[in-house]
Amino acid sequence: MIPKTERLSADVLILGGGLAGCMGAVAAIKKGCTVILADKAWAGSSGESTFAAGDILYYDPEQDDMHEWLERWNKAGDSMFDPEWLEWYGKNVHELILMLDSWGMEFEKDAQGRFKRKPGRGHREAVVFPGYKMQKKLRGILEKLGVVIVDRVMITELLTSDGHVAGATGFNVRTGQFYVFEAKNTVLSTGACSFKGQYHGQDMVSGEGNDMALRVG
């Protein structure tokens with residue numbers, strides 16, 4: 001027998017429990033919002049953020065020149081990038097990394113205690129960390145901050161009201177229980193879209209978040 005539908009509401013509903021979703025939850029709850037984070041697996045041990053190589057593109061204001069940085073990315077992207085957004089990212093990622101470091105995240109560092117940066121696709125400036133350990137710690141931080149975490153609920157549809165997204169619906173992948181989430185703001189952080197391949201942690205990154213967004217326009 002399928003349990004009765006569970007209804008939950010919050011100021012902010014975040015779909016996806018990877019690094020982006022977790023940090024979005026932190027930002028929202030620090031602004032005084034009530035937050036629900038829903039993940040189709042167990043938030044903290046699933047998805048690309050957990051099983052990826054564990055790197056974040058890092059602009060270091062003490063080592064990098066913003067103009068040169070943007071020019072290089074412009075060339076690497078054949079001019080198909082948003083310089084305003086990338087400049088915003090560069091200026092803000094420094095504070096993000098420092099905050100994660102202060103929470104005890106295990107970034108690789110050199111003998112002087114500076115973050116090690118390693119090359120990746122199109123860049124040479126990624127800080128490196130063990131994704132699984134970071135996600136486990138982030139889950140603990142969210143719980144202490146009061147974020148309501150709903151695990152193993154597959155979101156299937158975004159709810160709309162007067163043309164605006166007003167929440168989502170989904171079901172528990174183990175019990176079949178149906179969920180209705182109501183929220184003033186809904187954040188999609190469900191990852192990219194990967195083929196159903198053998199890569200650990202990416203075989204379930206199937207693009208359903210992108211699909212839901214397209215369906216509601």
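User: The radius of gyration is taken over C-alpha atoms, and the globule rule is 2.2 Å times the number of residues to the power 0.38. What radius of gyration does the protein chain have?

Analyst: This is a predicted model: local features need pLDDT of at least 70, side-chain atom pairs count only at pLDDT 80 or more, and totals for chains, interfaces and linings use all residues. Residues are numbered from 1 along each chain as its sequence is written; side-chain values use heavy atoms, with hydrogens and water left out. With 217 residues, a compact globule would have a radius of gyration near 17 Å. The value for the protein chain agrees with that: 19 Å.

User: How many helices and strands does the protein chain have?

Analyst: Both are DSSP runs, numbered from the N terminus: helices are H or I with at least four residues, strands are E with at least two. Counted this way, the protein chain has six helices and nine strands.

User: In what order do the strands of the six-stranded sheet stand?

Analyst: Two strands pair if DSSP finds at least two bridges between them. The edge strands pair on one side only; they are β6 (148-150) and β7 (153-161). β1 (6-15) and β9 (178-188) pair in the parallel sense over nine bridges, while β1 and β2 do so over four. The sheet is open, its pairing is mixed, and its order is β6-β2-β1-β9-β8-β7.

User: Which residue of β2 is the bridge partner of L13?

Analyst: L13 stands opposite T186 in β9. In β2, the bridge partner of L13 is I36.

User: Which helix lies across β7 and β9?

Analyst: Contact means heavy atoms within 4.5 Å. Axes are lines fitted to C-alpha atoms, for helices over the stretch in contact, and angles run from 0 to 180 degrees between N-to-C directions. The helix covers residues 208-215 and runs at about 20° to β7; it is α6.

User: Why is one side of each edge strand in the three-stranded sheet without a neighbour, and which strands are they?

Analyst: Strands of a sheet pair through backbone hydrogen bonds, either parallel or antiparallel. Here the sheet is open and antiparallel, in the order β3-β5-β4. Each edge strand has a single partner strand, so one side is left without a neighbour in the sheet; these strands are β3 and β4 (117-120).

User: At what angle does α4 run to β3?

Analyst: β3 pairs with β5 (123-128) in the antiparallel sense over three bridges. α4 lies across both β3 and β5. The angle of α4 to β3 is about 145°.

User: Which element gives the most to the largest nonpolar core?

Analyst: A nonpolar core is a set of buried Ala, Val, Leu, Ile, Met, Phe, Trp, Tyr and Cys residues joined through side-chain atoms within 4.5 Å; buried means under 20% relative accessible area, exposed over 50%, partly exposed in between, with a 1.4 Å probe and protein chains only. The largest core has 36 residues, and I56, W69, F107 and L138 have the most contacts inside it. Among the elements that supply at least two residues are β1, α3 (66-76) and α5 (131-145). With seven residues, the element that gives the most is α1.

User: How many residues does the second core have?

Analyst: The second core is separate and includes L15, I36, A38 and A168. In β2, I36 and A38 point one way and V35 and L37 the other, and all are buried. The number of residues in the second core is 14.
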